[in-house]
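Thanks for coming, everyone. Please have the viewer open, and follow along as I go. I'll keep this brisk.

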Amino acid sequence: MTQETVAPTSDAVLDREETISRDELEALQLSRLQHTVAYAYDRVPLYKRKFDEHGVHPTDLRELSDLGKFPFTTKEDLRLEYPFGMFAVPQHEVARIHASSGTTGRATVVGYTKKDLADWAKLVARSLRASGVRPGMKVHNAYGYGLFTGGLGAHGGAEALGCTVIPISGGQTERQITLIQDFKPDAILATPTYLLTIADAMMKQGIDPASTSLKYAVLGAEPWTEEMRHELEVTMNIKACDIYGLSEVMGPGVAGEAVETQDGSHIWEDHFRPEIIDAFDPSVVLDDGAHGELVFTSLTKEALPIIRYRTKDLTRLLPGTARPAHRRMGRITGRSDDMIILRGVNLFPSQIEEIALRIPELSPHFQLELTRPEGQRMDQLTVRIERRESVTVEGVASAAKVLQQQIKIHVGSSCAVDVVEPGSLERSNGKLRRIYDMRPKA
């Protein structure tokens with residue numbers, strides 16, 4: 001079926017900062033950057049210590065390129081300053097606190113003043129509007145609430161845009177489906193793999209995912225590919241756009257994708273200054289178009305200013321299109337800490353997703369298992385992936401062989417492929433775990 005869609009963002013009232021020239025934007029960036037660097041130096045002991053040790057002072061920032069003289073901030077810095085050492089304002093001025101799960105170490109804690117929360121809501125609203133969401137629409141928010149920034153961040157932006165928010169949070173998939181059918185939302189906010197979980201569960205109930213009221217999906221919090229976008233758009237008859245953010249920089253809404261171009265998320269550069277550095281030699285700042293690690297400096301944050309934060313996300317910067325002054329992020333190919341090094345070859349889960357979804361017999365549900373067989377020195381990668389419902393035994397064998405060959409050709413490493421029954425692999429309730437490292441611990 002074909003749904004009627006709301007007109008693209010050309011009918012929307014844009015923020016002034018979305019329409020200014022690149023020269024105006026860079027002048028605004030420099031002014032805000034100079035203030036932020038001095039503000040952080042004066043108010044956050046870690047920054048004063050790091051700047052002094054690095055032999056650099058806020059007055060050294062005279063033009064935008066001077067930002068490269070300043071030291072990086074890392075997740076480890078936030079963990080060392082746990083819980084509130086990175087805050088630049090007194091506790092009574094902190095309106096809200098969020099934190100990471102801390103599953104891989106101490107939690108990283110972030111704080112927001114009332115102005116920070118207002119700015120955050122404005123940028124999420126800007127991102128949602130760019131992706132086709134309009135005031136008055138009903139928005140089904142399936143991002144997790146709580147200390148994770150996704151749920152409340154998306155919620156605040158949708159309300160600021162003038163939408164009706166359905167705050168379902170993540171999980172409870174059966175209830176998600178019931179509310180989508182009963183409340184008839186226009187848009188859904190979720191991780192791409194969780195939206196896939198919802199679509200699969202609908203089909204198992206005999207519901208056609210393309211028959212719902214949903215027209216737009218704004219998806220983020222994990223890397224996803226154009227192949228995944230196509231899978232979701234065809235399955236659910238929606239337009240699916242990316243939204244980018246991370247807690248240490250703000251949360252969702254650092255960048256958003258325009259529905260009329262769907263060519264990568266525009267970074268809201270009136271609030272954040274991006275850089276791309278060489279992932280193997282961080283001292284090298286790369287030109288636009290070059291692939292490397294994304295680094296962010298906040299320009300307007302009060303409670304937790306962040307200077308040259310290494311995100312570990314691997315991408316590149318591209319010229320703006322739908323918002324010409326604001327550069328775009330290329331698709332995130334992965335995170336440097338999600339990279340698998342297999343017999344000297346660098347491999348990311350998104351590469352497997354991209355290849356697998358080009359093979360009609362295979363579904364988007366897969367896991368990567370790393371093992372080291374007893375008595376061997378070489379690691380073994382096994383791709384466990386579900387077949388589509390209609391695939392025959394002969395089709396399974398053929399698809400496995402094709403996937404194995406295509407990974408060898410495009411990634412450059414051999415692997416085993418295990419095509420499993422539909423519904424047998426773990427489903428996403430939020431962020432999906434793709435990599436299972438079964439190698440013996442040293």
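Let's start with a definition. Strands here are DSSP runs of E with at least two residues, numbered from the N terminus. Two strands pair if DSSP finds at least two bridges between them. One more thing before we look: this is a predicted model.

Now take Gly256. Which residue stands opposite Gly256 in β9? That residue is His266. Gly256 also has a bridge partner in β7, namely Ile243. So much for one residue; now the strands around that spot.

Strand β7 covers residues 239-246, and strand β8 covers residues 251-257. They run antiparallel, with four bridges between them. Tyr244 and Ala255 are another pair of bridge partners there. The connection from β7 to β8 is a hairpin, made through four residues. On to the next neighbour, β9, residues 265-267. Here three bridges join it to β8, and again the two run antiparallel. A general reminder: strands of a sheet pair through backbone hydrogen bonds, either parallel or antiparallel.

Is β8 mostly covered or mostly open? It is mostly covered, with seven of its seven residues buried.

Step back to the whole sheet. How many strands does this open sheet have? Nine, and the pairing is mixed. Read the order with me: β4-β3-β5-β6-β7-β8-β9-β14-β13. The edges are β4, at 164-166, and β13, at 317-318. Each edge strand pairs on one side only.

Stay with the loop between β8 and β9 for a moment, since Gln262 is found there. Gln262 is not a glycine, yet its phi is positive, about 45 degrees. Is Gln262 buried or exposed? Buried means under 20% relative accessible area. Gln262 has 16% relative accessibility, so it counts as buried.

Compare Gln172, in the loop between β4 and α6, the helix at 173-183. Gln172 is another residue other than glycine with a positive phi, near 50 degrees. Its relative accessibility is 48%, so Gln172 counts as partly exposed.

One more backbone feature. Which two residues does a cis peptide bond join? They are Tyr82 and Pro83, and omega is about 0 degrees. Pro83 sits in the loop between α3 (75-80) and β1 (96-99).

Next, a helix. α5 runs over residues 149-161, which makes 13 residues. From first C-alpha to last, α5 reaches 18 Å, close to the 18 Å expected at 1.5 Å a residue. Its buried residues include Gly150, Ala154, His155 and Leu161. After α5 comes Gly162, with a positive phi near 100 degrees.

Now the rings. How many aromatic pairs does the structure hold? Seven. Tyr112 and Trp120 form a stacked one, with 4.7 Å centre to centre and 10 degrees between the planes. Both Tyr112 and Trp120 are buried.

Contrast that with Phe272 and Phe296. Why is this pair edge-to-face? Planes over 60 degrees apart count as edge-to-face. These planes are at 75 degrees, with ring centres 6.2 Å apart, so the pair is edge-to-face. The pair links distant parts of the chain, 24 residues apart. Phe272 belongs to strand β10 (residues 272-277), and Phe296 to strand β11 (residues 292-298). Phe272 and Phe296 are both buried.

There is an aromatic cluster as well: Tyr41, Tyr47, Phe51 and Phe70.

Two arginines sit over rings. Arg126 lies over the face of Trp268, 5.0 Å from the ring centre. Arg310 has its charged end over the ring of Phe72, 5.6 Å from the centre.

Last stop: Thr300, in the loop between β11 and β12 (309-315). Its relative accessibility is 15%, so Thr300 counts as buried. Which side chain does the side chain of Thr300 make a polar contact with? The partner is His271, at 2.8 Å. Leaving aside neighbours within four places in sequence, Thr300 is in contact with several residues, among them Arg32, Lys115, Asp119 and Asp270.

To close, go back to where we began. Find Gly256 in your viewer, with His266 opposite in β9 and Ile243 as its bridge partner in β7.

Definitions and conventions
Residues numbered from 1 in each chain as written. Predicted model: local features only at pLDDT ≥ 70, side-chain atom pairs only at ≥ 80, totals over all residues. Heavy atoms only, no water. Phe/Tyr/Trp six-rings, centres within 6.5 Å; stacked < 30°, edge-to-face > 60°. Buried < 20%, exposed > 50% of the residue type's maximum accessible area, 1.4 Å probe, protein only. Lys NZ or Arg CZ within 6 Å of the ring centre and 35° of its normal. Expected span 1.5 Å × (residues − 1). Polar contact = N/O pair within 3.5 Å; in protein donor to acceptor, adjacent residues only side chain to side chain. Contact = heavy atoms within 4.5 Å.
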